[in-house]
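This briefing looks at how nonpolar side chains are grouped in the structure shown here, and then turns to two individual positions and their surroundings.

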Amino acid sequence: MLKSQEIKEFHPQARLYLVTYLSQGYRVKGYLAVPRGDGPFPLLIYCRGGIRQIGMTKLEWVREFVEQGFTIFAPFYRGNRGGEGWEDFAGEDRYDVIDAIPWLAAHPAVDLGRIHLFGFSRGSLMALFAAMACPVLVKSVTVWGGISDLSLTYTERIDLRRMLKRVIGGPPWKMPQAYQDRSPIYRVDDLKCPVCIIHGTADRQVSVEHAYRLINALKQSQVPHKPMIYPGLGHHFPSDIRKVAMQRMFDWIRNNTAPDA
């Protein structure tokens, strides 16, 4: 971490910092929330969805996460909120998560043996690839409404096709390998920790087919996993149901971690 600046009046039980760190030589920014009291605490890296200002890190979620007794790190990804570089939807910008893990593991507020990843929507790509890159340190991954197959996203989301063609270089039929390289379902053999999959069956932004494809890939590779599929719910759950689902998620995180490597 290069520098940090405390943001006042965040939460009576925690401190919030705007941090700057290096990812592939770029100065990237994010939030670091640390519970008050004696640490170290388990760490949850919150990988936001969307791209640029769409789907930006939700401080409401950071507050709810830190109330669970976790240190929370939430990268904005390169090029956002004063950071350098340009995000490219789980291409090189996946290192904005991967390169943060070593300095987070050394932080005094982080329990080295309890590092977990959480990805929402596009953030699931970032979380899963980071877990693959850091198999010794990462103890679990949770994906919520998560993309698992980028070719399927191209098919489903007409509104994202221009962006995907720009950052990847073309459509899936012209660049199949490039889309596979950004689709975790083709690399689940590299996962060494359990995975929790949370998804609503009525999700119109990231269809539940993404969850089913990930579940099937994990099953075939014998990776421990826990599906939490919510019938009739969309991409964003109603507040009361979301809080219940979030509590289930944290219960799973606490009770399911990979054995020490």
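**Nonpolar cores**

In this predicted model, the largest nonpolar core has 61 residues, and the members that touch the most other members are Ile45, Phe73, Phe89, Leu117, Val141, Leu164 and Leu191. Helix α4, which spans residues 123–133, gives the most to this core, contributing eight residues.

- Apart from this core there is a second, separate one, which consists of 31 residues and includes Leu16, Tyr31, Trp61 and Val66.
- When residues up to four places away in sequence are not counted, Ile45 touches Phe73, Pro75, Val97, Ile101 and Leu104, and also His116, Leu117 and Phe118.

**His107**

- His107 is placed in the loop that runs between α3 (100–105) and β6 (110–120).
- Because its relative accessible area is 19%, and the limit for a buried residue is under 20%, His107 counts as buried.
- Once neighbours within four places in sequence are left aside, His107 is in contact with Met1 and Leu32.

**Pro231**

- Pro231 also has its place in a loop, in this case the one between β9 (225–230) and α9 (239–255).
- With a relative accessible area of 68%, Pro231 is classed as exposed, because that class begins over 50%.
- Pro231 and Lys8 lie 223 residues apart along the chain, and a distance of 40 Å separates their C-alpha atoms.

Technical notes
Residues numbered from 1 in each chain as written. Predicted model: local features only at pLDDT ≥ 70, side-chain atom pairs only at ≥ 80, totals over all residues. Heavy atoms only, no water. Core = buried A, V, L, I, M, F, W, Y, C linked by side-chain atoms within 4.5 Å. Buried < 20%, exposed > 50% of the residue type's maximum accessible area, 1.4 Å probe, protein only. Helix = DSSP H or I, 4+ residues; strand = E, 2+ residues; numbered from the N terminus. Contact = heavy atoms within 4.5 Å.
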